[in-house]
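Biologist: Before I use any of the labels attached to this protein, I would like to hear how each of them is justified. Could we go through them slowly?

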Amino acid sequence: MTINERIGKVRQKMQENGIAACIIPGADPHMSEYFTSHWQTVTYLSGFTGEAGTFVITKDMAGLWTDGRYYIQAAAELSAGEGILFKASEPETPSIQKYLAEHLPEGSVVGINGRLFSAAYVKKLKDEWDKKNITINTHVDYANETWEERPKEELTEVYDLPLEYCGKSTADKLKELREELKKQEADALVLSKLDNIAWLYNIRANDVMCNPVLISYGFVSQSEAILYTDSSRVPSAVVKTLKENGVEIHAYEDVFDELSKKGEKLAVLCDKAEANFSLYEAVSSNPQFTVMEKTSPIPLMKACKNETETANTFKAYLYDGCAEAEFYGWLFEEMEHGASHTEWTLSEKLLSFRQQQPNFKGDSFISIIGYRENAAMMHYAPQPDTAKKIERSHLLLNDSGGQYLMGTTDTTRTFALGEITDEERRDFTIVLKSVIALTTAHWKEGICGRELDILSRNNLWQLGLDYRCGTGHGVGYLLNVHEGPQSFRSDVPLKEGMVLTIEPGIYTEGSHGIRTENAVVVRKGEKTEYGQFYHFETFTVVPIDTTCLDLSLMTAAEIKWLNDYHKHVYETVAPHVSARAKQWLEKATKAI
């Protein structure tokens, strides 16, 4: 079927059942950023392949709401059907709830699948629509019901993460979690975010591409800890370890029935931003439960990496730095010999170098290898049949990372493959100045990422430039490459052990995209009469292309930072790579 035929089948179902609008999110039941092909319904209906998008269908409109990272990509991909783009990051764009409130008749019914929306979002919809008597049917899943040959969920084998990698046993994590719950006067906690569950129980799997998590729910009280998942894929050794740490396994779908009927009187913390509406509804329907709508303590606990995790993450970035050095050493040799490559063949070659590193478990996200104007699409992913051919000119952007037993990596570099324009050179230099400005920050205890963000953006603002995304994000430990609550948009104070990326960029549609990204960890600095100070320490050990710089725009302090950084990169990586990679490293890290 064509895109429009698929939309038409949904509209037919809507008409048959008196539904005025359907909202189809890019989501799974666990509010995951990345999810399996089983839940990629937005792509099926609209043609949009980005990770963040919500598709809305009414009788006469089909629209995709997505953020600034995807404007260019979405505009191109929606052309396959009738879908129109709503630029969700722009202040003039109405939210979905406001748009439908303005365009639907009073008394309309909007259909959603309650398992694919957070309880908090459903409340927001109800609050907006109550004044117009618009109601919600939470059992509408027409998009998936009409999806022929929909992919099935693929459950993979679960494995545990030994103490040498995770640094803290499940029993100890449960003890700390229960203490946190007591502080909030809660008896129990419902878990539905996959990375929270994997972290708490020290288990991993490969159910979601690039995210080593398992499809599951969880429940923790002062007396029990339950993992809801398909037990047939949990090896007996893992079951034994979980049991020794006080965790029992129940069937995945049993979570709804068990939580709605549990007979014990409990004050249950249920984070409405994390729990899907159907799960929240099951918990709320239990007369024995008092539901506490508070933020789960797990994300903050998980975000502050322990010393074992931090030390291991340095190793992960060493391995990744070696893979990147091997890749660039190979690439520039190939370019000199006139070899023909595309963005796709480069992404495959880069993966092959990562696969040669110790304890590699897979990519941490789909690699973004963008040449020239393709790099202006922040989350561009090359495809075998459409990937752009690489030439000996202009810029190549490589944003990629790996999953290792020692941690999760995420690095972006932009390299010149030949002559570049004055504009490209200026933009490259401004982006690097922004990286340095934030990397070298020192701040007092209690400062959050949002308050530091201006240090990065200021260099761009001086030229009337900006980027339509965050300056960086938290990173998990052998978990999701995007992790909260820490970021440079967040009001959460930065604490020791938090891992973030620093990745400003400049994206000029139809011309070029430039991003330089390092990962850092928050460290305690000196304590003075004015309080405790903090700073960043950098994990990433990949050279930054000095041939792209306009040195007249850089200060002496910035040049010194870059030379010191390159000296560290060479001394760290060079002893562990091939002669070709070492030769490239020596040239790429030469002092300027």
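Modeller: What follows is a conversation about a predicted model, in which labels are set against their cut-offs.

Biologist: What makes the pair Glu180 and Lys183 a salt bridge?

Modeller: The N to O distance between the side chains of Glu180 and Lys183 is 3.3 Å, and the cut-off for a lysine nitrogen and a carboxyl oxygen of glutamate is within 4 Å, so the pair counts as a salt bridge. Both residues belong to helix α8 (residues 170-183), where they are three residues apart, about one turn of the helix.

Biologist: Why is Lys183 called exposed, and why is Glu180 called partly exposed?

Modeller: Lys183 has a relative accessible area of 64%, and exposed means over 50%, so the word applies. Glu180 stands at 27%, and because buried requires under 20% and exposed over 50%, this value falls in between and counts as partly exposed.

Biologist: How do you know that Asp491 and Arg450 form a salt bridge, and where in the chain do they lie?

Modeller: Their closest approach, N to O, is given as 2.3 Å, which is within the 4 Å limit, and therefore the pair qualifies. It links distant parts of the chain, with Asp491 in the loop between β23 (483-487) and β24 (499-502) and Arg450 in helix α17, 41 residues apart. Asp491 is exposed at 53% relative accessible area, whereas Arg450, at 45%, is partly exposed.

Biologist: How do you know that Cys304 is in no disulfide?

Modeller: The nearest cysteine sulfur, that of Cys448, is 14 Å away from Cys304, and a disulfide needs two sulfur atoms within 2.5 Å, so this pair does not meet the condition. The structure as a whole holds zero disulfides.

Biologist: Why is Cys322 called buried, while Cys304 counts as partly exposed?

Modeller: Cys322 has a relative accessible area of 4%, and because buried means under 20%, that label fits. Cys304 is at 24%, so it lies between the limits of 20% and 50% and is partly exposed.

Biologist: What makes Ile454 eligible for a nonpolar surface patch?

Modeller: Ile454 has a relative accessible area of 44%, and patch members need over 30%, so Ile454 passes that condition. Together with Leu455 and Trp461, Ile454 forms a patch with about 270 Å² of accessible area, and its place is in helix α17 (residues 449-461).

Methods: Residues numbered from 1 in each chain as written. Predicted model: local features only at pLDDT ≥ 70, side-chain atom pairs only at ≥ 80, totals over all residues. Heavy atoms only, no water. Patch = residues over 30% accessible without salt bridge, like charges linked within 9 Å, V, L, I, M, F, W, Y side chains within 5 Å. Areas by Shrake-Rupley, 256 points an atom, 1.4 Å probe, with all protein chains shown as cover. Helix = DSSP H or I, 4+ residues; strand = E, 2+ residues; numbered from the N terminus. Buried < 20%, exposed > 50% of the residue type's maximum accessible area, 1.4 Å probe, protein only.
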